[in-house]
Amino acid sequence: MIVGEYTGMKIQEAKQLIRSLLIKTGQAIIYSEPEKRVMSRSGDECVVALTDQWFITYGEPEWKKMAEECVSSMNLYSNGTRHCFESSLDSLNQWACSRLSGLGTRIPWDEQFLAESLSDSTIYMAYYTIAHLLRDGDLHGRSTSSLKLEQMTDEVWDFGFCGGPRPEFSDIPCSILNKMKQEFEYCTRLI
């Protein structure tokens with residue numbers, strides 16, 4: 001750690017102290033989900049639930065190629081870090097981006113589901129590049145935006161995030177559409 005009260009400590013040490021402090025001060029709770037296979041006392045494999053889920057296809061060849069090119073162009077601290085990124089890319093194929101229970105954010109297109117935590121953080125990094133435009137500058141959702149949920153079509157998202165064509169049938173003003181695209185592209189150039 002190089003900043004703050006825990007300067008000079010290894011992350012593993014500071015992480016435990018910060019965790020304890022956050023729990024003690026009521027700023028966090030202990031929350032766990034199984035990270036590996038769970039076996040019952042009788043030796044049977046436990047399946048919590050077999051449900052429908054939404055998936056992000058990280059293994060799609062074009063996306064994977066772009067991610068690999070991005071990693072190869074990164075200036076990283078060590079080759080070990082690079083290897084970890086490359087290994088992660090190799091292990092991802094279809095990633096379940098939703099679940100039915102637990103803590104998290106509702107998926108806007110299917111509100112019975114919560115965004116899975118890795119996907120939540122990935123999706124929100126993209127979303128927050130334009131959130132201020134969708135919320136009239138108020139990221140806490142207290143204002144009423146001139147944009148409505150039904151206006152945010154796949155074509156609008158494709159234009160803003162994927163370099164797609166300008167949506168033909170959108171009634172969102174061109175100035176806002178262009179600003180969304182500009183804000184997202186600016187942030188992705190920084191990465």
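In this predicted model, T81 is found in helix 3, which spans residues 79-91. The side chain of T81 makes a polar contact with the side chain of S78, at a distance of 3.1 Å. With a relative accessibility of 29%, T81 counts as partly exposed, because that value falls between the 20% under which a residue is called buried and the 50% over which a residue is called exposed.

The protein chain that carries this helix has seven helices and four strands, and, when read along the sequence, these elements follow the pattern α-β-α-α-β-β-β-α-α-α-α. Of the 191 residues in the protein chain, 21% are buried. Among the contacts in the protein chain that have a separation of 6 or more, 34% are made by residues 24 or more positions apart. Helix 1, which comprises the 14 residues from 11 to 24, reaches 20 Å from its first C-alpha to its last, and this is close to the 20 Å expected at 1.5 Å a residue. Just after helix 1, G26 takes a positive phi of about 75 degrees.

A buried polar residue is provided by S98, which is found in strand 3 (residues 98-99) and has a relative accessibility of 2%. The side chain of S98 reaches the backbone nitrogen of W54 at 2.8 Å. When residues up to four places away in sequence are not counted, S98 touches Q53 and W54 on the one hand, and I107, F113, L114, A115 and E116 on the other.

The largest nonpolar core of the model consists of 10 residues, namely I130, L133, L134, L147, M152, V156, F159, I172, L177 and M180. Two or more residues are given to this core by each of helix 5 (131-134), helix 6 and helix 7. One of the core residues, L177, is in contact with V156, F159, R166, P167, S170 and I172 once its neighbours within four places in sequence are left aside. Of these partners of L177, V156, F159 and I172 are themselves listed in the core.

The loop between helix 6 (154-162) and helix 7 (174-190) contains G163. With a relative accessible area of 52%, G163 is exposed, because the value lies over the 50% cut-off. Not counting residues up to four places away in sequence, G163 nevertheless touches D158 and K181. G163 and E185 are 22 residues apart in sequence, while their C-alpha atoms are 9.2 Å apart in space.

The count of salt bridges comes to three. In one of them, the side chains of K65 and E69 meet with an N to O distance of 3.5 Å. These two residues, K65 and E69, are four residues apart in helix 2 (residues 61-73), so they are separated by about one helical turn. In general, an α-helix has 3.6 residues a turn, so residues three or four places apart point the same way. Within this pair, E69 is partly exposed, its relative accessible area being 42%.

Helix 7 holds further bridges with such a spacing. The salt bridge between E183 and K179 brings the closest N and O atoms to 3.1 Å, and both residues lie in helix 7, four residues apart, or about one turn of the helix. K179 is partly exposed, with a relative accessible area of 32%. K181, in turn, forms a salt bridge with E185, in which the closest N and O atoms are 3.4 Å apart; K181 and E185 are also four residues apart in helix 7, so about one helical turn separates them. The two members of this bridge fall into separate classes of accessibility, because K181 is buried at a relative accessible area of 17%, whereas E185 is partly exposed at 31%. K181 is also one of the residues touched by G163, so that the loop glycine and this bridge can be viewed together in the structure.

Finally, the cysteines were considered. A disulfide is a covalent bond between the sulfur atoms of two cysteines, and the structure holds zero disulfides. Among the residues examined, C84 is partly exposed, with a relative accessible area of 49%, and C174 is partly exposed as well, with a relative accessible area of 43%.

Methods
Residues numbered from 1 in each chain as written. Predicted model: local features only at pLDDT ≥ 70, side-chain atom pairs only at ≥ 80, totals over all residues. Heavy atoms only, no water. Expected span 1.5 Å × (residues − 1). Buried < 20%, exposed > 50% of the residue type's maximum accessible area, 1.4 Å probe, protein only. Contact = heavy atoms within 4.5 Å. Core = buried A, V, L, I, M, F, W, Y, C linked by side-chain atoms within 4.5 Å. Polar contact = N/O pair within 3.5 Å; in protein donor to acceptor, adjacent residues only side chain to side chain. Salt bridge = Lys/Arg side-chain N within 4 Å of Asp/Glu carboxyl O. Disulfide = S-S within 2.5 Å.
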